[in-house]
Amino acid sequence: MLARLILSSMLAAAVPASAQWFKLALPGTPRLPDGRPNLSAPTPRGPDGKPILDGVWQMNGKYLQNIAADMKPGDVPYQPWAQKLFNDRQDGHLGWTDPAAKCIPGMPKLDALPYPFKIIESPGMVMMLFEGFTTFRQIFTDGRELPKDPNPAWFGYSVGKWEGDDFVVETIGVRQETWLDNAGRPHSDALHLTERFQRRDFGHMDILLTIDDPKTYTKPWTVKEDVRLIPDTELLEYVCTENNKDYEHLVK
Amino acid sequence: MSMRPWLILGSLLMAVSSQAQWLNYPTAGIPRLPNGKPNLAAPAPRNRDGKPDLSGVWDVLHNRPCPPEGCQDMWIPQEFLDIGWSLKGGLPYLPWAAEAVKQRMAENRLSDPNWKCLPTGIVRMYTTPLYRKIVQTPGLLVILNEREAMYRQIFTDGRPLPEDPQPSWTGYSTGKWQGDTLVVESSGFRDGTWLDANGSPLTESGKITERLRRVNFGTLEIEISVDDPKAYTKPWTVKLTQLLKPDTDLLDYYCVENEKDRPHLVGK
């Protein structure tokens, strides 16, 4: 619990006040008669009929703290060692071993940061730019396969393709030191993430995230994370290394 | 020599992955010679709107001689150390700025934001010997950097620069085409940014203009003009060259992952 509190305070420390956010009247935003964005307007679609995912989004913050927030206790299918490690992490004394404490969040934590992120589709690649940690993911959509034996990377390697109205992203090669959430759920080098991006309407999207890691969990498990559009604004700069005060205070 | 470029080089080397692990994937749309090698002297690619496409993975021009023991994996260019090295008489520092640079070099650059794994700012993003990828989309140019896996957005949708933005390391950038040159205006920087490893300062009053021109398929020329009346007696302009790295992609590079040098640096 302590770890969670400390991490959330660390994440809160460097966030700019909302009064400083940009206000832009972005074109292409459906509006109500009073000029406000109509967030329940239909999902925008491109010439190919596929949903357009572009926009500035923000995930429900609870999934950063607890990726299994919507699951019943006992529903996460831990392998015994993973259950033990998760339990050991609950009193906070291992908080310093989370790379996020040193400003590297990993995946899937990156998507779940409580700061806006921006999706930009370009030919052959979808970019996700994150305000939190001012970092990015590249999701290749040019038909390439996942690498066979990649050099482990903090956010792994991602390819995406459309299945009907779902944008389906597969990710492997995530550095195994990272935590799935601040609560301390572990993963191994066998982690295979599948995200299904489902834009429900103009202002709302779900990400169905499947965690398939047979070394850590006895079977794949899926969570549904809700994301809302943040209209008429832009990302700000967030530099974790600028003012990270917590790491030295975490019990080692 | 008071400068210790090899130390800088050493620090940059620490966390880099070896070349053997770099991704090897053919870049789409690249013109090739009969032997299959990329034809980097081919004309610059153009988008449907007729404007040049600046997209690609870019590296610095290695214009600095290697140390006696041989070239390193991360081979810094002249401008990494001194952004004004090509200018006759050097940068036109105001007295305080000249003094600050002298002091910073004497202190072995201990106060360099780079050592603390802070953002490089937009000028050093270009001179750091790691790759960066330009992705040109309608209305927006994104630069994705290996260094700290950071990005920069350049808005080309006609929006104006914000009037009084929250100062940031990367600033705020808008671009528009003048012929085949993308002209990028940036402001909104925070005090304390270094433009090079010698510590040439950039202040909150700084404005930077970049003129990006893809000379041919494999070469990008970037003219950088810095107008910062709080640090320099007059605006100055330098030209950087970037070379396309075909058939590869970015890897992540995190300074915070394994920064070992700073505790060992000794200043005067």
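Two residues are taken to be in contact, or to touch, if their C-beta atoms, placed from the backbone, lie within 7 Å. The structure read here in those terms is a predicted model, in which local features need pLDDT of at least 70 and side-chain atom pairs count only at pLDDT 80 or more, while totals for chains, interfaces and linings use all residues. Residues are numbered from 1 along each chain as its sequence is written, and chains are lettered from A and ligands numbered from 1 in the order in which they are written.

The predictor assigns the complex an ipTM of 0.87 and a pTM of 0.89. For chain B the average pLDDT, which is the predictor's confidence in each residue on a scale from 0 to 100, is 87, and 88% of the residues score at least 70. Residues 1-22 of chain B, however, have a pLDDT below 50, although this stretch has 40 contacts in the model beyond near neighbours in sequence. Where pLDDT is low, the predicted coordinates should not be read in detail.

Chain A contains four helices and nine strands, where helices (H or I, at least four residues) and strands (E, at least two) are DSSP runs numbered from the N terminus. Along the sequence, chain A shows the pattern α-β-α-α-α-β-β-β-β-β-β-β-β. Of its 252 residues, 40% count as buried; a residue is buried if 20 or more other C-beta atoms lie within 10 Å of its own, exposed if 12 or fewer, and partly exposed in between, with C-beta atoms placed from the backbone. Among the contacts in chain A with a separation of 6 or more, 63% are between residues 24 or more positions apart.

The nine strands of chain A close into a barrel in the order E1-E2-E3-E4-E5-E6-E7-E8-E9, with mixed pairing, two strands being paired if DSSP finds at least two bridges between them. From one strand to the next the twist averages 30°, with axes as lines fitted to C-alpha atoms, for helices over the stretch in contact, and angles running from 0 to 180 degrees between N-to-C directions. Within this barrel, E2(A) and E3(A) run antiparallel and are joined by six bridges, and Ile119(A) stands opposite Met128(A) in E3(A).

Strand E3 of chain A also leads into the interior. The largest nonpolar core has 97 residues, of which Met127(A), Met128(A), Leu129(A), Phe130(A) and Phe136(A) touch the most other members; such a core is a set of buried Ala, Val, Leu, Ile, Met, Phe, Trp, Tyr and Cys residues joined through C-beta atoms within 7 Å. Strand E3 (residues 125-130) of chain A gives this core its largest share, six residues. Leaving out residues up to four places away in sequence, Leu129(A) touches Phe117(A), Lys118(A), Ile120(A), Phe136(A) and Leu235(A), and also Tyr151(B).

That last partner brings the text to the contact between the chains, which takes 26 residues from chain A and 27 residues from chain B. On the side of chain A that touches chain B, strand E2 (117-122), E3 and strand E4 (135-140) of chain A each supply at least two residues. The residues of this side divide into 14 nonpolar, seven polar and five charged, with Ala, Val, Leu, Ile, Met, Phe, Trp, Tyr, Cys and Pro counted as nonpolar, Asp, Glu, Lys and Arg as charged, and the others, Gly among them, as polar.

Chain B has four helices and 11 strands, and buried residues make up 38% of its 268 residues. A closed barrel of nine strands in chain B runs E1-E2-E3-E4-E5-E6-E9-E10-E11, again with mixed pairing, and its neighbouring strands are turned by 30° against each other on average, direction ignored. Strand E1 (residues 56-60) and strand E11 (residues 236-244) of chain B pair in the antiparallel sense over three bridges, with Val60(B) opposite Gln242(B). Strand E10 (residues 219-227) of chain B pairs with E11(B) in the antiparallel sense over eight bridges, and there Val226(B) has Trp236(B) as its bridge partner. E4(B), by contrast, pairs with strand E5 (residues 172-178) of chain B in the parallel sense over two bridges, and Ile154(B) has Ser173(B) as its bridge partner in E5(B).

Arg152(B) lies in strand E4 (residues 151-155) of chain B. This arginine counts as buried because 25 other C-beta atoms lie within 10 Å. Leaving out residues up to four places away in sequence, Arg152(B) touches Ile122(B), Met125(B), Ile143(B), Thr170(B) and Ser173(B).
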